[in-house]
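Work through these exercises with the sequence and the 3D view open. Try each task before reading its solution.

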Amino acid sequence: MGLLDKARQRSPWLIHYDCGSCNGCDIELLSCLTPLYDVERFGIVNVGDPKQADILVVTGSVNQQNKSVLKNIYDQMPEPKVVVAVGVCACTGGIFRDCYNVVGGIDKVLPVDVYVPGCPARPEQIIDGIKLAIDKLAQKDVVKEEG
Amino acid sequence: MPDSNISFIPFGPQHPVLPEPIHLRLVVENEKVVEALPTVGYVHRGLEKMVEAKDVNQMIYVVERICGICSCMHAMAYCQGIEELMNVEIPERAKYLRVIWAELHRMHSHLLWLGLLADSFGYESLFMQTWRIRERVMDILDKTAGNRVIISVNVIGGVRRDIDTEMQKWVLQSLDAIEKDLREIYNVMKDDYTVKQRTVGVGVLSADDARELGLVGPMLRASGVASDHRMTGYAAYKDLDFEPVVETAGDSYARMIVRMKELFQSIDLIRKAFARMPEGDIAVKVRGNPTGEVISRVEQSRGEVLYYIKADGTKNLSRLRVRTPTFANIAALFKILPGCSLSDVPVLVLTIDPCISCTER
């Protein structure tokens with residue numbers, strides 16, 4: 001494992017995109033950054049630029065309008081990258097799945113690595129999901145080196 | 001004016017300051033914003049049409065998810081509307097419990113907003129401090145209702161849970177601690193040089209402008225109009241004597257002060273509600289389906305929400321229409337953005353406390 005890969009696992013940077021959620025999961029995700037839960041102890045930093053991010057955290061279900069935005073953000077992220085779907089809406093569409101403007105969970109558009117259920121997902125669950133995502137990131141590093 | 005001075009800057013839908021997606025196309029002349037053109041629809045799900053698929057009781061859970069931040073008040077407005085249609089008088093204790101949970105939601109919403117405002121002008125430590133206090137409010141919601149954000153306490157005919165005497169004591173103790181922390185933050189926000197530099201005199205709206213644009217909630221009260229829908233005395237507010245918080249300057253600073261003072265007001269209201277809450281049942285049994293049409297209004301943390309409900313006696317409603325506070329307040333944004341400097345855009349966008357998922361539903 002190279003130095004860069006090691007650094008990436010010790011300090012993964014994440015980007016958050018609200019993809020038509022009700023705000024419930026978004027504010028729980030923001031809570032993770034604040035003193036009580038403090039994900040910065042895992043080296044996790046919330047960034048605004050997809051070009052600097054390793055983990056894409058998506059909340060809410062995909063609709064016709066934001067489909068392309070989500071795809072755009074994902075495409076701008078450098079390899080290796082992982083996607084975490086936070087909340088039941090991001091996983092399957094949840095309570096919104098019958099709505100006319102909702103396409104479904106984000107796995108209709110992107111390959112999802114970690115699913116975090118819950119309505120809204122609790123901060124502990126989200127931190128757990130992001131920890132799993134970091135392990136996936138390590139696996140992808142190995143694949144990249146071998147492949 | 002030569003065209004070469006004009007440039008276009010996209011703001012959003014994915015932007016570090018915005019927790020929610022809205023796209024503004026900013027027409028900028030040098031550093032000055034000339035015009036802001038919005039694109040919406042990134043969070044539109046079509047929840048009003050869900051009445052065709054979900055029945056009257058299931059819709060409570062759908063309207064709560066219009067917006068996770070003020071979910072409790074959405075359900076309150078919806079349930080009050082249905083109760084009015086069915087001529088149900090809910091128990092007094094349920095009314096007080098509704099007020100308590102609604103005020104707790106107002107507190108967590110305002111604290112969240114204060115943190116985001118601080119973050120929008122780069123005051124990260126203040127963001128962390130307000131969110132640290134907010135976690136205590138979330139603890140109260142978690143302990144009393146069983147979930148942190150979407151608590152689903154309102155049902156048609158009353159509330160789902162009770163708060164017993166022991167729990168009341170603990171909640172009041174927590175509120176004391178929250179109030180002590182809030183006083184410290186309030187003094188910082190009120191007098192801090194950085195905060196004042198970025199908010200005083202920024203985005204001024206006069207009382208006439210505010211009335212003309214049809215603003216609601218803290219936006220309206222910060223411009224000197226004493227309008228608070230809680231004064232009409234729905235639920236138990238009629239027995240809890242209070243005055244709306246009003247500031248007259250109409251700038252971003254005044255809006256911040258209004259919301260800070262409302263935090264103390266909410267603590268006060270919760271204390272009064274606990275002191276005056278009568279013993280008794282928390283819900284009545286409701287049978288049958290509603291018929292007729294009704295307009296139900298509730299003061300949310302962002303302002304007044306309006307529910308129009310039309311029912312025809314079947315288990316599904318025939319129409320539900322929601323006018324959310326941000327829909328009214330977003331007009332102010334396009335009044336204050338032109339003429340401001342580009343660096344003030346994030347602060348001004350946040351100052352209206354936008355809730356895009358409410359607005360687009």
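Helices (H or I, at least four residues) and strands (E, at least two) are DSSP runs, numbered from the N terminus. The model is predicted, so local features need pLDDT of at least 70 and side-chain atom pairs pLDDT 80 or more, while totals for chains, interfaces and linings use all residues. Residues count from 1 along each chain as its sequence is written, chains are lettered from A and ligands numbered from 1 in the order written, and side-chain values use heavy atoms, without hydrogens and water.

**Exercise 1. Cis peptide bonds in chain A**

Task: Find where P80(A) and P120(A) lie, and state the form of the peptide bond that leads into each.

Solution:
- Step 1. Go to the loop between α3 (67-76) and β5 (82-86) of chain A; P80(A) lies there.
- Step 2. Check the bond from E79(A) to P80(A). It is cis, with omega near -10°.
- Step 3. Move to the loop between β7 (114-116) and α5 (123-146) of chain A, which holds P120(A).
- Step 4. Check the bond from C119(A) to P120(A). This bond is cis, with omega near -15°.

**Exercise 2. Positive phi in chain B**

Task: N30(B) and A235(B) are not glycines, yet have positive phi. Is each one buried or exposed?

Solution:
- Step 1. Place N30(B) in the loop between β2 (23-29) and β3 (32-39) of chain B. Its phi is about 55°.
- Step 2. Apply the cut-offs: buried is under 20% relative accessible area, exposed over 50%, partly exposed in between (1.4 Å probe, protein chains only).
- Step 3. N30(B) has a relative accessible area of 55%, so it is exposed.
- Step 4. Place A235(B) in the loop between α8 (217-222) and α9 of chain B. The phi of A235(B) is about 45°.
- Step 5. A235(B) has a relative accessible area of 12%, so it is buried.

**Exercise 3. Helices packed on α9(B)**

Task: Describe how α3(B) and α5(B) each pack against α9(B).

Solution:
- Step 1. Fix the geometry. Axes are lines fitted to C-alpha atoms, for helices over the stretch in contact, and angles run from 0 to 180 degrees between N-to-C directions.
- Step 2. Fix the words. Under 35 degrees is roughly parallel, over 145 roughly antiparallel, 65 to 115 roughly perpendicular, and the rest oblique.
- Step 3. α3(B) meets α9 (residues 252-276) of chain B at about 155°, with axes 9 Å apart. The pair is therefore roughly antiparallel.
- Step 4. Sort the contact residues. Ala, Val, Leu, Ile, Met, Phe, Trp, Tyr, Cys and Pro count as nonpolar; Asp, Glu, Lys and Arg as charged; the others, Gly among them, as polar. The contact of α3(B) with α9(B) has 16 nonpolar, two polar and six charged residues.
- Step 5. α5 (residues 165-191) of chain B packs on α9(B) at about 160°, with axes 11 Å apart. These two are therefore roughly antiparallel as well.
- Step 6. The contact of α5(B) with α9(B) has 17 nonpolar, one polar and six charged residues.

**Exercise 4. Cavities and a pocket**

Task: Describe the two largest cavities and the second largest pocket by volume and lining.

Solution:
- Step 1. Set the terms. On a 1 Å grid over the protein atoms alone, a cavity is a set of points where a 1.4 Å probe fits but cannot get out; a pocket is an open set with protein on both sides within 12 Å along at least five of seven lines; lining residues have an atom within 4 Å of a point. Points join across faces, edges and corners, and a volume is the space filled by probe spheres set on the points.
- Step 2. Count: there are three cavities of 30 Å³ or more.
- Step 3. The largest cavity has a volume of about 160 Å³. Its lining has 19 residues; P19(B), E20(B), I69(B), L116(B) and P354(B) lie nearest the centre. By class they are 14 nonpolar, one polar and four charged. Both α2 (24-33) of chain A and α3 (92-120) of chain B supply at least two lining residues.
- Step 4. The second largest cavity has a volume of about 70 Å³. Among its 14 lining residues, C22(A), C25(A), C89(A), C119(A) and P120(A) lie nearest the centre. The lining has eight nonpolar, six polar and no charged residues.
- Step 5. The second largest pocket holds about 350 Å³ of space. Of its 18 lining residues, Q80(B), E83(B), E84(B), Y234(B) and A235(B) are closest to the centre. α2(B) gives the most, with four residues. The lining divides into five nonpolar, six polar and seven charged.
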